[in-house]
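Please open the model in your viewer and keep the sequence panel beside it. The stops below say what to select next and what is there.

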Amino acid sequence: MNEKLFKLKIQALLHDPYWKIYNIERHESTMIEFIKDFVKKNIGLDLIDNDNFDNSVKIADMLSSSLDRFPLSFYSKKNPSKIFHEILKVLYNDKNDKLYNVFSQTWEENTIKAGEVNNEIYLDIFNKISEYLKNKEDKDIKEKYKKIYKYFWTWLEIKIIKDYGFVLPQDSRIPMFDILDHIYSTAALINLTYEGGYIVLVDIPGIQKFISKGRKLRDLFAGSWLISIVMYKFLEKIADEYGPDTIVTPTLRLNPFWVNHVSKDIEEIWNDYENLQILPKDWFRYAIIPGSSLIILPKDEILSSKEKVREYLINK
């Protein structure tokens, strides 16, 4: 496996910006310009070739949005779905108004001007990741892109929610999912669209039998926690090697164990995460990871067959 897999995954996270519905017509070309003008020149990341997103990203994007595109095939002036489009068009494109998150305790602070199109969040994240990497002598180009992707994947959602307090839909015409669900699922599908891959179900057998052997309540608690932490450490190794997007369920998005793990390198990620005020006290004591997991693994020289995948997972 070379660095291209992680380049494609970073492309996937950037192919649709969080402000996409403000400028659906030019959102893709704007992000390509951003990647060329800032990411390549300032950070030194050569992400795209031929001034366009890779075909693997385009296919993953299509698959990720297929549930949305199906009802769009019936979209017309006579179709009721146009009503949603017109309502959201007014909400998100009237430059004289602001949108507020009424469910946030600090909703007066977390506002976003309707019609605003900017890449400040991306600029901030990439600048801070670049600053961290400057202090590291990492000559392995694959490891460099792997780390950048891991940090970017973990921090992006936290940063958007922290700065704006809410997430916009991924398509104003059919607002079924938010933009983060779309780009994160696109990144995960790269594991299948790049050079093919594997969908694997991993399960710890005999969980109920193991836990039920506890004689006291604290034994039951300890048994559940052990199962949870063993499964998490197993998933953490896979996420470190192939990216956190490979873990479909339980997701590592906003997962305190994963965020804490990544924040050992960049402490500000954890600080932003704490500011979301979603972290329960003594979070590490909770058995939040189930004993089974669905994983998407890319095909490479190590994972070249089903037998190799099985051997790889058993050795973890």
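Select Tyr-232, Phe-257, Trp-270, Tyr-273, Trp-283 and Phe-284: ring pairs link these residues into a cluster. The coordinates are those of a predicted model. A search of the whole structure finds 13 aromatic pairs.

**Two tilted pairs**

Go to Phe-6 and Tyr-149, whose ring centres are 6.3 Å apart with the planes at 50 degrees, so the pair is tilted. This pair links distant parts of the chain, with Phe-6 in helix α1 (residues 4-14) and Tyr-149 in helix α7, 143 residues apart. Are these two rings buried or exposed? Phe-6 counts as buried because its relative accessibility is 0%. Tyr-149 is also at 0% relative accessibility and therefore counts as buried.

Return to the cluster and keep Trp-270 and Trp-283 on display. Their ring centres are 5.6 Å apart and their planes are at 50 degrees, so this pair is tilted. Trp-270 lies in helix α12 (residues 267-274), while Trp-283 lies in the loop between α12 and β5, 13 residues apart. With a relative accessible area of 12%, Trp-270 is buried. Trp-283, at 14% relative accessibility, counts as buried.

**Helix α7 and its contacts**

Select Glu-157, which is found in helix α7 (residues 141-164). Is this residue buried or exposed? Glu-157 counts as buried, because its relative accessibility is 8%. Not counting residues up to four places away in sequence, Glu-157 touches Leu-180, Tyr-184, Arg-253 and Leu-254.

Two of those contacts are worth displaying together. The charged end of Arg-253 sits over the ring of Tyr-184, 4.6 Å from the ring centre.

**Helix α8**

Tyr-184 is among the buried residues of α8, so colour that helix next. Helix α8 (residues 179-193) has 15 residues, which at 1.5 Å a residue should span 21 Å; its end C-alpha atoms are 20 Å apart, which agrees. How many of the 15 residues of α8 are buried? The count is 12, so the helix is largely enclosed by the rest of the structure. The buried residues include Leu-180, His-182, Asn-191 and Thr-193. To see what covers the buried residues of α8, show the elements around them, including α1, α3 (55-64), α7, β3 and β5.

Then select Thr-193, whose place is in helix α8. Thr-193 is buried, with a relative accessible area of 16%. Which residues is Thr-193 in contact with, leaving aside its neighbours within four places in sequence? They are Ser-56, Ile-59, Ala-60 and Leu-63.

**Strand β5 and its partners**

Move to strand β5 (residues 292-298). Of its 7 residues, 5 are buried, so the strand is largely enclosed by the rest of the structure. In a regular strand the side chains alternate between the two faces of the sheet.

Show strand β3 (residues 197-203), which pairs with β5 in the antiparallel sense over 7 bridges. To check the register, select Asp-203, which stands opposite Ser-292 in β5.

Now add strand β4 (residues 247-249). This strand and β5 also pair in the antiparallel sense, over 2 bridges. Here Ile-247 stands opposite Ile-295 in β5.

**Tyr-242 and Pro-298**

Select Tyr-242, which is found in helix α10 (residues 217-242). Tyr-242 is buried, with a relative accessible area of 0%. Draw a distance from its C-alpha atom to that of Pro-298: the two atoms are separated by 7.8 Å, although the residues are 56 apart along the chain.

**The whole chain**

Zoom out and show everything. The chain has 13 helices and 5 strands. Of its 316 residues, 48% count as buried. Among the contacts in the chain with a separation of 6 or more, 74% are accounted for by residues 24 or more positions apart. With the surface switched on, the chain exposes about 16,800 Å², of which carbon and sulfur atoms supply 52%.

Methods: Residues are numbered from 1 along each chain as its sequence is written. This is a predicted model: local features need pLDDT of at least 70, side-chain atom pairs count only at pLDDT 80 or more; totals for chains, interfaces and linings use all residues. Side-chain values use heavy atoms; hydrogens and water are left out. Helices (H or I, at least four residues) and strands (E, at least two) are DSSP runs, numbered from the N terminus. Buried means under 20% relative accessible area, exposed over 50%, partly exposed in between (1.4 Å probe, protein chains only). Contact means heavy atoms within 4.5 Å. Accessible areas come from the Shrake-Rupley method with a 1.4 Å probe; for residues, only the protein chains shown count as cover. Two strands pair if DSSP finds at least two bridges between them. Rings of Phe, Tyr and Trp (its six-membered ring) pair if their centres lie within 6.5 Å; planes under 30 degrees apart count as stacked, over 60 as edge-to-face and the rest as tilted. A charge sits over a ring if NZ of Lys or CZ of Arg is within 6 Å of the ring centre and within 35 degrees of the ring normal. The expected span of a helix is 1.5 Å times one less than its number of residues.
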